[in-house]
Amino acid sequence: MVYRIFVEKKKELAAESRALLEDARGLYGIEGLRDVRVLNRYDAENITEELFDYAVKTVFSEPQLDITSENPDLSGATVFAVEFLPGQFDQRADSAAQCIQIISQGERPIIRSAKVYALYGDLSDADVAEIKKYVINPVEAREAALECPETLRTEYTVPADVKTLDGFREMDRETLAKFVAFYGLAMDIDDIAFCQTYFREEGRDPTITEIRMIDTYWSDHCRHTTFLTVIDSVKFEDELLQRAYEDYIETRRELGRTKPVCLMDIATLAVKYLRKDGKLDKLDESEEINACTVKIDVDVDG
């Protein structure tokens, strides 16, 4: 059986709801939006009713800060829910499942979470679509069903063979764009064209598994497609930002940096400079270039 609970911050503490209301009205000019409510929805399976009820007060919510409800009154609102795409890591759900397992000292339950948005006001379909576009990142999330499912277990059919994408190497840009849309890929048209060039050199068409794997790992943290993208030239309208960028370039020269300018280099250059200047001797250096750990001894009241 699937148990469901909705958790909402008390009105005075609903910062996320207020921020969305301000952004929708201020940035997008949706003046008809009068109010917004944001609720975290939890579905749980492989758990007893008694344990679920206990978890509502100890895991899913903080009673002093939150309001919980099995059936919140959302009458008069335009309601939609957002959940992570299958395969994307859901930190909220995973943490809840781990906490409940610690409490029960038994088997870990299956937990799924979603965020429910309730929009109040005189809104057109275009207004609602604009708000959905704002809160749903299609790379990692999608609109979720509002109905409670019969089960949270996912059954996968094991394919007898893997489909080869015949004709992939011959696709023009328009066909490649349709290919990306049809399979719901996170890649853009230039990414998929790059893949096409690779498989042309390989002299074969890829399998759908290969394309899915490339798509998944390229979208991971946006690292390859964003932070390591070479910045050939950049212009600033703001003088302060221009001076900051020029200072960055000068610091690169001082450090003798020869790697291309990119967002990753901009983000990490200060640490490299402090290290060279002898002001960051407690820096942990490792092969993991995504991470930066600094160990410092702190004296707190003796």
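**Figure 1. Salt bridges across the predicted model.** The count comes to 19 salt bridges in this predicted model. One of them pairs Lys9 with Asp66, whose closest N and O atoms are 3.1 Å apart. This pair links distant parts of the chain. Lys9 belongs to strand β1 (residues 3-9), Asp66 to strand β3 (residues 66-69), and their positions lie 57 residues apart in sequence. Lys9 is partly exposed, with a relative accessible area of 34%. Asp66 is buried, at 10%. Elsewhere, Glu202, Arg204 and Glu210 are joined into one network by salt bridges that share partners.

**Figure 2. A salt bridge between helix α1 and strand β5.** Lys115 and Glu16 meet through their side chains, at 3.0 Å from N to O. Lys115 sits in strand β5 and Glu16 in helix α1, so the pair ties together parts that are 99 residues apart in sequence. How accessible is Glu16? Its relative accessibility is 40%, so Glu16 counts as partly exposed.

**Figure 3. Helix α1 and its buried side.** Helix α1 covers residues 15-26, 12 residues in total. At 1.5 Å a residue it should span 16 Å, and its end C-alpha atoms are indeed 16 Å apart. Which residues of α1 are buried? They are Ser17, Leu20, Leu21 and Ala24. These residues cover an arc of only 100 degrees around the axis, which puts them on the same side of α1. Glu22 and Gly26, on the other side, are exposed. What do the buried residues of α1 pack against? Their partners are β2, β5 (110-121) and α4 (125-135).

**Figure 4. Arg41, a buried charge without a salt bridge.** Arg41 is part of strand β2 (residues 33-45). Side chains of opposite charge can pair when their charged atoms come close. Arg41 is buried yet has no salt bridge. Asp43 is the nearest side chain of opposite charge, 4.1 Å away. A salt bridge needs a distance within 4 Å, so Arg41 and Asp43, at 4.1 Å, do not form one. What lies 3.1 Å from a polar atom of the Arg41 side chain? It is the backbone oxygen of Ala145. Beyond its neighbours within four places in sequence, Arg41 is in contact with several residues, among them Arg4, Ile5 and Phe6. Its contacts also include Arg112, Ser113 and Ala114, as well as Ala144, Ala145 and Leu146.

**Figure 5. Helix α9 from start to end.** Helix α9 runs over residues 239-255 and has 17 residues. Its first and last C-alpha atoms are 24 Å apart, close to the 24 Å expected at 1.5 Å a residue. Tyr245, Tyr248, Ile249, Thr251 and Arg252 are buried in α9. They cover an arc of only 160 degrees around the axis, which puts them on the same side of α9. Glu239, Leu240, Asp247 and Arg253 are exposed on the other side. At the start of the helix, a side-chain oxygen of Asp238 comes to within 2.9 Å of the backbone nitrogen of Leu240. Gly256 follows α9, with a positive phi near 70 degrees.

**Figure 6. Helices α9 and α10 meet.** The buried residues of α9 pack against α10 (263-276). A salt bridge also joins Asp265 and Arg252, with closest N and O atoms 2.8 Å apart. Asp265 is in helix α10 and Arg252 in helix α9, 13 residues apart. Are the two partners buried or exposed? Both Asp265 and Arg252 are buried.

**Figure 7. Tyr183 in helix α5.** Tyr183 is found in helix α5 (residues 173-183). With 16% relative accessibility, Tyr183 counts as buried. Not counting residues up to four places away in sequence, Tyr183 touches Lys163, Leu165, Ile208 and Arg212. Thr209 is 26 residues from Tyr183 along the chain, and their C-alpha atoms are separated by 12 Å.

**Figure 8. Two residues with positive phi that are not glycines.** Gln105 has a positive phi of about 55 degrees although it is not a glycine. Gln105 is placed in the loop between α3 (91-104) and β5. Its relative accessible area is 67%, so Gln105 is exposed. Asp301 is not a glycine either, yet has a positive phi of about 50 degrees. Asp301 is found in the segment after β8 (293-294). At 83% relative accessibility, Asp301 counts as exposed.

Terms used
Residues are numbered from 1 along each chain as its sequence is written. This is a predicted model: local features need pLDDT of at least 70, side-chain atom pairs count only at pLDDT 80 or more; totals for chains, interfaces and linings use all residues. Side-chain values use heavy atoms; hydrogens and water are left out. Helices (H or I, at least four residues) and strands (E, at least two) are DSSP runs, numbered from the N terminus. The expected span of a helix is 1.5 Å times one less than its number of residues. Buried means under 20% relative accessible area, exposed over 50%, partly exposed in between (1.4 Å probe, protein chains only). The arc is that of the directions from the helix axis to the C-beta atoms. Contact means heavy atoms within 4.5 Å. A polar contact is a pair of N or O atoms within 3.5 Å; within protein, one must be able to donate a hydrogen and the other to accept it, and residues adjacent in sequence count only if both atoms are side-chain atoms. Lys and Arg count as positive and Asp and Glu as negative; His and the chain ends are not counted.
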